[in-house]
Amino acid sequence: MARTDKMKLGTFVYTFGFHPASWLHPASNVNGANDFAHLLDVAKRSEAAKFDFMFMADSPAAAVGDPNALARIPTKMNRFEPLSLLSALAVTTNDLGLVATVSTSYYEPYNVARLFASIDHLSKGRACWNVVTSDHDETGYNFNREGLDPHALRYERGNEFVDVVFGLWDSFEEGALLLNRESGVYYDKDKHHTLNHKGKHFQVRGPLNIARTPQGRPIIAQAGGSEPGMDMAARTAEIVFSLASNIERNRSFYDNVKSRMAAYGRDRDDLKIMPGIVVNVGETEAEAKAKVDYLIDKMHPDVGRLMLSEFLEADLRGVALDAPFPMERLPAAPKGSRALFDELVDFVKNGHTVGELIRHYAEKHTGNGITGTPTQIADYMEEWFETRAADGFILMFPTLPSSLDDFVRLVLPELRRRGLFREEYEGRTLRENLGISTPANRFAKS
């Protein structure tokens, strides 16, 4: 059945762009990590293009690993705390959704409920919480832990955490604020509720001391392909950020997650599956490929070794670039994409050197993406959308804002010509623009 809805699009934001060498691009603002004007500019360009949201990826810790490589990668080493940034963007933008990553492993539910409710009010209904449980040891070292808690424990805590936040966001029912100066009654006490949550991980009385938000509650985003992650998404999420390596895998993931929603009384249309894809577009294939090659050539070998080491969970420091890959360092199973892992193993078995493998991985490292002309990229996106492998895309531009500008100038007109993407925003809130219903308040009498 042909789709009647429109494709959803979001801008994925690392300060300078997704590529680790993006800060070296002559069109980038080398001071951008601490310059609000740079990130506001990215937001304004995304908003002018009528994108659904701007997605601020985050980890609340600096990276650990090879100091020589990390000194050349500013992404995790120097960046704004995301909720502070969203607060500023909330009052300097008008229509763009604002997504920030906050971990359930290192916050308390009451803090998160209050922070995101405040941002939803400041933005008049454009806030979105990207729920993560964290997956890097370096974060735990800063929060009274020795690395990460076990995976199952993180998801158990995460599920309870989200439930508490949802309960707190329901503290005030719709219409609870009477604001009646004649009677002197500010709110209806019968529409203000105490949660009184007592669970395994949290004890939270409530109520939240801020009114019900413009969206009813902020949008929930999530990423995670594990069984607990997919189940949590089906139960709680409204945007899922996936990184499946090809269309067949993502179509399977799409069906898997959405088929679980009925068990939680949810409609499939209230969850948007949005793969993250890297887009390199040029007027010609050669121009697009030249943009890829330029950034790879700018990337220092130490950075390439670190990227590859993290994916393969193998220490490649000191390994000569012109030497064959040390096969004894390969793990039995991948940390990330199985398809990409198998491709890299085949590549090195064919006799390629470490340097050649780094270059190959630098082109493929999301496991997903497209390099080509506007027509080729539009074809790619249309196939994923129309065959229900995706409801839209989180666009991981190699450089910001130049790659974003290329996409808006070259690809967006083609998507609109095909009737796949909006000309104007449909509503005022992020929830309205995504076409997602407002969950009922648990305390409201039907």
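The following paragraphs lead the reader through a predicted model, from its domains to selected residues and backbone features.

The domain assignment divides the protein chain into two parts: domain 1 is made up of the segments 6-140, 210-282 and 372-432, and domain 2 covers 284-365. The centres of domain 1 and domain 2, taken over C-alpha atoms, are separated by 26 Å. The two domains also touch, with 25 residues of domain 1 in contact with 21 residues of domain 2.

Helix H10 comprises residues 301-312. With 12 residues at 1.5 Å a residue, H10 should span 16 Å, and the distance of 16 Å between its end C-alpha atoms agrees with this expectation. How many of the 12 residues of H10 are buried? The number is 10, so the helix is largely enclosed by the rest of the structure. The buried residues are Asp302, Val303, Gly304, Arg305, Leu306, Met307, Leu308, Ser309, Phe311 and Leu312. An α-helix has 3.6 residues a turn, so residues three or four places apart point the same way. Just after H10, Glu313 takes a positive phi of about 55°.

The next topic is a group of positions taken from a database record. In an unreviewed entry, UniProt lists Asp58, Thr101, His151, Tyr155 and Ser226 under "binding site". Of these residues, Asp58 is included in the lining of the largest cavity. Asp58 is located in the loop that runs between strand E2 (53-56) and helix H2 (67-70). When residues up to four places away in sequence are not counted, Asp58 touches Arg79, Phe80, Pro82 and Thr101. Thr101, one of these contacts, also appears in the UniProt list. With Arg79, the contact includes a polar one between the two side chains, at 3.4 Å.

His151, another of the listed positions, belongs to helix H6, which covers residues 151-169. Is His151 buried or exposed? Its relative accessible area is 34%, and His151 is therefore classed as partly exposed, a value that lies between the 20% and 50% limits. Leaving aside neighbours within four places in sequence, His151 is in contact with Ser226 and Pro228. Ser226 is itself among the residues that the UniProt entry lists.

Two further residues illustrate buried positions, one in a loop and one in a helix. Thr104 is found in the loop between strand E3 (97-103) and helix H4 (109-122). Its relative accessibility is 0%, and Thr104 therefore counts as buried. Which residues does Thr104 touch, not counting those up to four places away in sequence? They are Trp129, Val131, Val132, Thr133, Arg154, Arg157, Gly158 and Phe161.

Met230 lies in helix H7, formed by residues 227-236. Met230 counts as buried because its relative accessibility is 7%, which falls under the 20% limit. Apart from residues up to four places away in sequence, Met230 touches Gly224, Gly225, Phe253, Asn256, Val257 and Arg260. Met230 and Ala444 are 214 residues apart in sequence, and their C-alpha atoms are 29 Å apart in space.

The backbone also deserves attention at several places. The peptide bond from Gly206 to Pro207 is cis, with omega near 0°. Pro207 is found in the loop between strand E8 (203-204) and strand E9 (219-223). Another cis peptide bond joins Leu400 and Pro401, with omega of about 5°. Pro401 is placed in the loop between strand E13 (392-396) and helix H14 (402-410).

Positive phi values occur at Lys50 and Arg388 as well. Lys50, although not a glycine, has a phi of about 70°. Lys50 lies in the loop between helix H1 (36-48) and E2, the strand that also precedes the loop of Asp58. At 17% relative accessibility, Lys50 counts as buried because this value is under 20%. Arg388, likewise a residue other than glycine, has a phi near 55°. Arg388 is located in the loop between helix H13 (374-386) and E13, and E13 is followed by the loop that holds Pro401. Its relative accessibility of 29% means that Arg388 counts as partly exposed.

Note on methods:
Residues numbered from 1 in each chain as written. Predicted model: local features only at pLDDT ≥ 70, side-chain atom pairs only at ≥ 80, totals over all residues. Heavy atoms only, no water. Helix = DSSP H or I, 4+ residues; strand = E, 2+ residues; numbered from the N terminus. Expected span 1.5 Å × (residues − 1). Buried < 20%, exposed > 50% of the residue type's maximum accessible area, 1.4 Å probe, protein only. Contact = heavy atoms within 4.5 Å. UniProt positions renumbered as here; feature names shortened; annotations may be inferred. 1 Å grid on protein atoms, 1.4 Å probe; cavity = no way out; pocket = protein on both sides within 12 Å on 5 of 7 lines; lining within 4 Å. Polar contact = N/O pair within 3.5 Å; in protein donor to acceptor, adjacent residues only side chain to side chain. Domains from an automatic or database assignment.
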